[in-house]
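User: I would like to go through this structure by question and answer. Please keep each reply short and end on the value or name asked for.

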Amino acid sequence: MNSEKSVMQTPISAETKMKTVGKKFHIAGISNGLISGLTYGVYSTLVMIASGFDPLVSAAGFLAAPFVCSGLNDLFAGIWLLFYNAKQGRLKELIRTLKTKPGKLLVVGFLLGGPIANGAYLVGLAMAGAYAIPISATCSLFGALFSWIFLKQRPTKRVVFGMVLCVFGAIIINWVAPEGTPNFTMGIICALIAAVAWGLEGVFSSFGGAMIDTDVAVNLRELISGLVVLILIVPIVGGMNLLGGTLTAGIPIIWLFLSGLSAAVSFVCWYKANSMVGTAIGMSLNVTYAFWGVLFCVLFLGQTLTATIVLGSIVIVLGAIIVTMNPLDLIRKGDA
């Protein structure tokens, strides 16, 4: 009889263990998403600090400085990750990954999220200040939308409601342009372009990131993005002299080196979250950088705090949380 009981209890025990593992996996994915949001808020602030020093602050035109910052930041992030992957013995995986089909799909995502999205984001920051941060955070909306279209990850009514809140928050922020920002609307448009491109990158990273080591994928992402921007885009926008001046200036390079570290941590955690809990949830957690970015800009950069940016940021972050989880689950757990 005892042996029969043991046989009958084994499947239950195995099922319980699987649920426990699955729960820990989900919690790890959620944690990575939250960390990615915090560190991207730090990155956004550090890049704006770097942009406040010569020669970046006095650069002619509105494209050269953002793309020089974007290229150097991504390159430095890639260098940080090269050291990390070398220590882990993964350097050979960089070349191997590029030869695989998932790796090639990831490269498409890298180009969308790096040169296009990051460049547009920094142009948006230069034109609209901290207002561009929560606008770009609507990438969770586009990530969920593209996941529905391309990955067949059909959103629930709750997720759709959260997506609508994100859009509503973006409208609130753009309702009244702050004084002294003549290019405010263009900055908001650039931030929106960044959101669309990041939404597409999230889809590619969710597919390829589930099959490829995340640390290797993000290392390639940052290196490819940085090199493409510095070699191809910076010369096109007439930023070569600015690039040389920035490299020899000293202080802005220190800030960009630190922003590169923050970006490296953020993207590693973001890619892990996308592959562990899905694009919609991973991106919704990541966009909490809208809160952190605005908060840090207010605390450390003297960004003016207006009613529209406060209310809009709260609505966007609330929408991201609703996309991520059902608030009723907290009540149910409390009653349990």
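User: Which helix holds I189?
Analyst: The model is a predicted one. I189 belongs to a nonpolar surface patch of about 340 Å², made together with I116, M186 and I193. The largest share of that patch, 3 residues, comes from the helix spanning residues 184-209. The helix that holds I189 is α8.

User: Is I189 buried, partly exposed or exposed?
Analyst: Buried means under 20% relative accessible area and exposed means over 50%. I189 has 41% relative accessibility, so its class is partly exposed.

User: How does M211 count by relative accessibility, buried or exposed?
Analyst: M211 sits in the loop between α8 and α9. The cut-off for exposed is over 50% relative accessible area. Because its relative accessibility is 52%, M211 counts as exposed.

User: How far apart in space are M211 and S275, C-alpha to C-alpha?
Analyst: In sequence the two residues M211 and S275 are separated by 64 residues. Their C-alpha to C-alpha distance in space is 8.7 Å.

User: What span is expected for α9 at 1.5 Å a residue?
Analyst: α9 covers 214-236 and has 23 residues. From its first C-alpha to its last, α9 reaches 32 Å. That is close to the expected span, 33 Å.

User: Where does α9 bend?
Analyst: Of the 23 residues of α9, 17 are buried, and the helix is mostly covered. Its axis bends by about 35 degrees. The residue at the bend of α9 is V229.

User: Which residue caps the N-terminal end of α9?
Analyst: The contact is made to the backbone nitrogen of D215. A side-chain oxygen lies 2.9 Å from that nitrogen. At the other side, just after α9, G238 takes a positive phi of about 70 degrees. The residue capping the N-terminal end is D213.

User: How many residues apart are R90 and D215, which form a salt bridge?
Analyst: The closest N and O atoms of R90 and D215 are 3.3 Å apart. R90 lies in the loop between α2 (64-87) and α3 (91-98), and D215 lies in helix α9. Both R90 and D215 are buried. The pair links distant parts of the chain, with a separation in residues of 125.

User: Which residues are linked with R90 in a network of salt bridges?
Analyst: A search of the whole structure gives 5 salt bridges. The pair of R90 and D215 is one of the salt bridges. The residues linked with R90 in a network are D213 and D215.

User: How far apart in space are V268 and D215, C-alpha to C-alpha?
Analyst: V268 is placed in helix α11 (residues 251-277). V268 counts as buried because its relative accessible area is 10%. V268 and D215 are 53 residues apart in sequence. Between their C-alpha atoms, the distance in space is 6.1 Å.

User: Why are R96 and E93 separated by about one helical turn?
Analyst: An α-helix has 3.6 residues a turn, so residues three or four places apart point the same way. The side chains of R96 and E93 meet in a salt bridge of 2.9 Å, N to O. R96, at 49% relative accessibility, and E93, at 33%, each count as partly exposed. The one-turn separation arises because R96 and E93 lie in helix α3 at a spacing of 3 residues.

User: Which helices do R221 and E201 tie together?
Analyst: R221 and E201 form a salt bridge, with the closest N and O atoms 2.8 Å apart. The parts tied together are 20 residues apart in sequence, because R221 and E201 lie, in that order, in helices α9 and α8.

User: What is the relative accessible area of E201?
Analyst: The limit for buried is under 20% relative accessible area. R221 is buried, at 0%. E201 is also buried, with a relative accessible area of 0%.

User: At which residue does α4 bend?
Analyst: Helix α4 (residues 101-128) has 28 residues and spans 39 Å from first C-alpha to last, close to the 40 Å expected. α4 is mostly covered, with 20 of its 28 residues buried. The bend in α4 is about 35 degrees, at A117.

Terms used:
Residues are numbered from 1 along each chain as its sequence is written. This is a predicted model: local features need pLDDT of at least 70, side-chain atom pairs count only at pLDDT 80 or more; totals for chains, interfaces and linings use all residues. Side-chain values use heavy atoms; hydrogens and water are left out. Patches are made of residues with over 30% relative accessible area and no salt bridge: like charges are joined within 9 Å, nonpolar side chains (Val, Leu, Ile, Met, Phe, Trp, Tyr) within 5 Å. Accessible areas come from the Shrake-Rupley method with a 1.4 Å probe; for residues, only the protein chains shown count as cover. A salt bridge is a side-chain nitrogen of Lys or Arg within 4 Å of a carboxyl oxygen of Asp or Glu. Helices (H or I, at least four residues) and strands (E, at least two) are DSSP runs, numbered from the N terminus. Buried means under 20% relative accessible area, exposed over 50%, partly exposed in between (1.4 Å probe, protein chains only). The expected span of a helix is 1.5 Å times one less than its number of residues. The bend at a residue is the angle between axes fitted to the seven residues ending there and the seven starting there. A polar contact is a pair of N or O atoms within 3.5 Å; within protein, one must be able to donate a hydrogen and the other to accept it, and residues adjacent in sequence count only if both atoms are side-chain atoms.
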